[in-house]
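Visitor: Could you take me on a close look at one part of this structure, starting from a single acidic residue and working outwards from there? I would enjoy one connected account.

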Amino acid sequence: VTANGIITLLTDFGTRDVYVGVMRGVILAIAPRARLVDLTHEVPPQDVFAGAMLLRSAVEAFPDGTVHLAVVDPGVGSAREPVAVFTERGILVGPDNGLLQPAAERLGLCEVRRLDREELFRHPVSRTFHGRDIFAPVAAHLASGLAGTSVGSLCAGLHPLPMPAVRRAAGALHGEVIHVDHYGNLITNIAAGEILNFPADRVSVRIAGVSISPVSPSYAAVSEGALLAIIGSWGTLEIAVRDGSAAGRLAVGRGTAVTVSAI
Amino acid sequence: VTANGIITLLTDFGTRDVYVGVMRGVILAIAPRARLVDLTHEVPPQDVFAGAMLLRSAVEAFPDGTVHLAVVDPGVGSAREPVAVFTERGILVGPDNGLLQPAAERLGLCEVRRLDREELFRHPVSRTFHGRDIFAPVAAHLASGLAGTSVGSLCAGLHPLPMPAVRRAAGALHGEVIHVDHYGNLITNIAAGEILNFPADRVSVRIAGVSISPVSPSYAAVSEGALLAIIGSWGTLEIAVRDGSAAGRLAVGRGTAVTVSAI
Amino acid sequence: VTANGIITLLTDFGTRDVYVGVMRGVILAIAPRARLVDLTHEVPPQDVFAGAMLLRSAVEAFPDGTVHLAVVDPGVGSAREPVAVFTERGILVGPDNGLLQPAAERLGLCEVRRLDREELFRHPVSRTFHGRDIFAPVAAHLASGLAGTSVGSLCAGLHPLPMPAVRRAAGALHGEVIHVDHYGNLITNIAAGEILNFPADRVSVRIAGVSISPVSPSYAAVSEGALLAIIGSWGTLEIAVRDGSAAGRLAVGRGTAVTVSAI
């Protein structure tokens, strides 16, 4: 795809420091016309899985040709490779530690290149901040139209992110919570399509010892403060409390088991 | 007014998730040249009143033709209407639940349209995320120059936001705290103009059992750590502590009564 | 230098309010083509030293001609002067209270001008929000190409920021922690160049009763959870915990003494 000049940013750098600001400066020094768009900088520190889930849930909304720069990089300075991933719809730039893989699958993975053209980097390259010295400059060059073949040599593929699978057994689906959002909504890995295999009025969702039935069409279908199950904006089953926090109500978090069955 | 290409964003989505990032992607896919400007994304979850006060205090600073996209929407999926509000100075897009009304009054309300042209929406339209599926696409089309008449049919008006009124009795003004800011400043609903009706050196402000007099011309007019009353940047009476937090000192918050009287 | 149209923003305004959004609106009303780039808005309230360290660490990354707008201003409304600082590489705009001085030194200070051309301001000028009424409009005019001589009269120089010095005694360096970042990394004022004067394998770093040796080439050179000393992205000695928080582990913060010596 042809770069459209947009670069999204997703990191665990937080917003109290100027690390993200510094990356923006490095990008604009190379690509003065780039459009910078924040996804989030509040991935929990070094939590590659959380970053990967958030990145995957965001990339589809962007127009073709967007460059997605993502840095959650506990192994900075170690052997993990810096890569650019070319997909049918856009380009991903970051460490090859699982962070980019779910998003790459969603956008249609084409090829992966190791970032080994040092003339593209900011020098001297630090051992602690590849976001500034490697990933931001390469993303800026790609957003400016540099050919993918110029950023480095071909790799066999991406390291996969270990993903919790949904298990089907005895007519039930066994999944889990993969993200807790700002509202306390519990987002699961059980796809909307899987739920449709159950009779709509006889589906029961079980989490933390509580059963919820049926799946609601909207928050407004239940009374204020009620617990509900719904197909959420991630396209998967979500457990929520209307105008409240399901994570708080049930005192659960990521990894909590969720079972869907027919009544 | 003619759209100037700027879209401001105000939500209660927080910054830990990628919900705001997804809205930005949806907007840029429709309006690649739009200028996106964040007001805040930290409106307390589902707090329509807080969102309305913040939106009203921000909109005047923007140039004519700005589109203001605001989403604090506890009723998403229910009967509240999605609307676009055309004013003398700009356009507001969001749910008709009171959120937009104070800002619309401030900018000079002209007409309100229900967003019922589904061809403008992102499909499928979810039941949980109208920010992404309805409000962002419509705001993007409006910022790109789509005529207001094309977004939907005329409504009679906006639902009003229940607002605490300032009461005048026995030569005194009885108002309240409508917002506590990041510094702990207590912003009231008592307009600067009302205070001018009192003799400058004989005004007394009473809050939480404490009297403050006179109204200070600046923070620097009192010593460090002192409590003061001042006309703040919202154009209303504010209670502050120099280089400190009035909310912390007085242990009060939104809704606290404030009385202005002559000594 | 010629303005490049980029304006960076650094404040202690936080992100819960719309104060930053209002400044953006004021800027765009004057300079519709300005590129706004956030450094951070989470400088601890009224902490001029923290703001100055963050600003200094960010400015070099930006292209020549950038305008850096910084507001941490406990003395708003008092005698401290609003200034614009012209350097070899860019322009700084903010209060003359020490905030801008370290960044100005780093960029090569040329001249300082007091902002006394009131026709450039937003009127009426409040006593509480010079960010909106003075600094943002002047930064916008400068980013749009207004000549430096037009913003005000020459000053003798900037008020210096009181900076902790590194002391050399008995073959050791005595410095201190000047910033604690989001990860809990402890950033010191001891420059990388100073460390190079010690034999690489015989340097010992002492902090809070703990000795660390040698200085690590990368986070990955130590095992997970280990305490390390490293040359960090600020170009100075940093104390960190691999995949953890050194500030939490050692229960220390800004101002903590750090000693470098030969074993």
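Guide: Happy to. Let us begin with B:Asp47, which counts as buried because its relative accessibility is 18%, under the 20% cut-off for that class. Please keep in mind that this is a predicted model.

B:Asp47 has a charged partner: it forms a salt bridge with B:Arg254, and the closest N and O atoms of the two are 3.0 Å apart. B:Asp47 sits in the loop between β2 (35-40) and α2 (48-59) of chain B, while B:Arg254 sits in the loop between α6 (246-250) and β14 (257-262), so the pair ties together parts of chain B that are 207 residues apart in sequence. The two ends of this bridge fall into separate classes of exposure: B:Arg254 is partly exposed, with a relative accessible area of 43%, whereas B:Asp47 is buried at 18%.

A second bridge in chain B joins the side chains of B:Asp64 and B:Arg89, with an N to O distance of 2.7 Å. Here, too, loops are involved. B:Asp64 lies in the loop between α2 and β3 (66-71), and B:Arg89 in the loop between β4 (82-87) and β5 (90-95), so this pair ties together parts of chain B that are 25 residues apart in sequence. Helix α2 therefore borders a loop of each bridge: the loop of B:Asp47 and the loop of B:Asp64. As for exposure, B:Asp64 is partly exposed at 46% relative accessibility, and B:Arg89 is partly exposed with a relative accessible area of 27%.

Now for the other chains. In chain C, C:Arg113 forms a salt bridge with C:Glu111, the closest N and O atoms being 2.7 Å apart. In this pair the basic residue is the buried one: C:Arg113 has a relative accessible area of 10%, while C:Glu111 is partly exposed at 28%. In chain A, A:Arg122, A:Arg132 and A:Asp133 are linked in a network of salt bridges. Over all chains, the structure holds 36 salt bridges.

With that total in mind, the boundary between chain C and chain B deserves a look. There, 29 residues of chain C are in contact with 32 residues of chain B. The area buried between these two chains is about 2,600 Å², and carbon and sulfur atoms give 53% of it. The rule finds 0 salt bridges across this interface, but there are 14 residue pairs in polar contact, counted where both residues have pLDDT 80 or more. On the side of chain C that touches chain B, the largest share, 8 residues, comes from helix α1 (residues 19-30) of chain C. By class, that side has 13 nonpolar, 8 polar and 8 charged residues.

How do the copies relate to one another? Chain C can be laid on chain A with an RMSD of 0.0 Å by a turn of 120° and a shift of 0.0 Å along the axis. These two copies are thus related as by a three-fold rotation axis. Laying chain C on chain B likewise takes a turn of 120° and a shift of 0.0 Å along the axis, with an RMSD of 0.0 Å. Only 3% of the interface residues of chain C are also interface residues in chain B, so the copies meet through different surfaces. The corresponding overlap with chain A is also only 3%, so there again the copies meet through different surfaces.

Two more residues round out the picture, one buried and one exposed. C:Leu100, in the loop between β5 (90-95) and α3 (101-107) of chain C, is buried with a relative accessible area of 1%. Not counting residues up to four places away in sequence, C:Leu100 touches C:Leu55, C:Ala70, C:Val83, C:Val85, C:Leu92, C:Val93, C:Gly94, C:Pro95 and C:Leu158. By contrast, A:Arg167, in strand β7 (residues 167-169) of chain A, is exposed with a relative accessible area of 52%. Leaving aside its neighbours within four places in sequence, A:Arg167 is in contact with A:Ala172, A:Leu173 and A:His174.

Key. Residues numbered from 1 in each chain as written. Chains lettered and ligands numbered in written order. Predicted model: local features only at pLDDT ≥ 70, side-chain atom pairs only at ≥ 80, totals over all residues. Heavy atoms only, no water. Contact = heavy atoms within 4.5 Å. Buried area = accessible area lost by both parts, 1.4 Å probe. Salt bridge = Lys/Arg side-chain N within 4 Å of Asp/Glu carboxyl O. Polar contact = N/O pair within 3.5 Å; in protein donor to acceptor, adjacent residues only side chain to side chain. Helix = DSSP H or I, 4+ residues; strand = E, 2+ residues; numbered from the N terminus. Nonpolar A, V, L, I, M, F, W, Y, C, P; charged D, E, K, R; others polar. Buried < 20%, exposed > 50% of the residue type's maximum accessible area, 1.4 Å probe, protein only. Least-squares fit on C-alpha atoms with pLDDT ≥ 70 in both.
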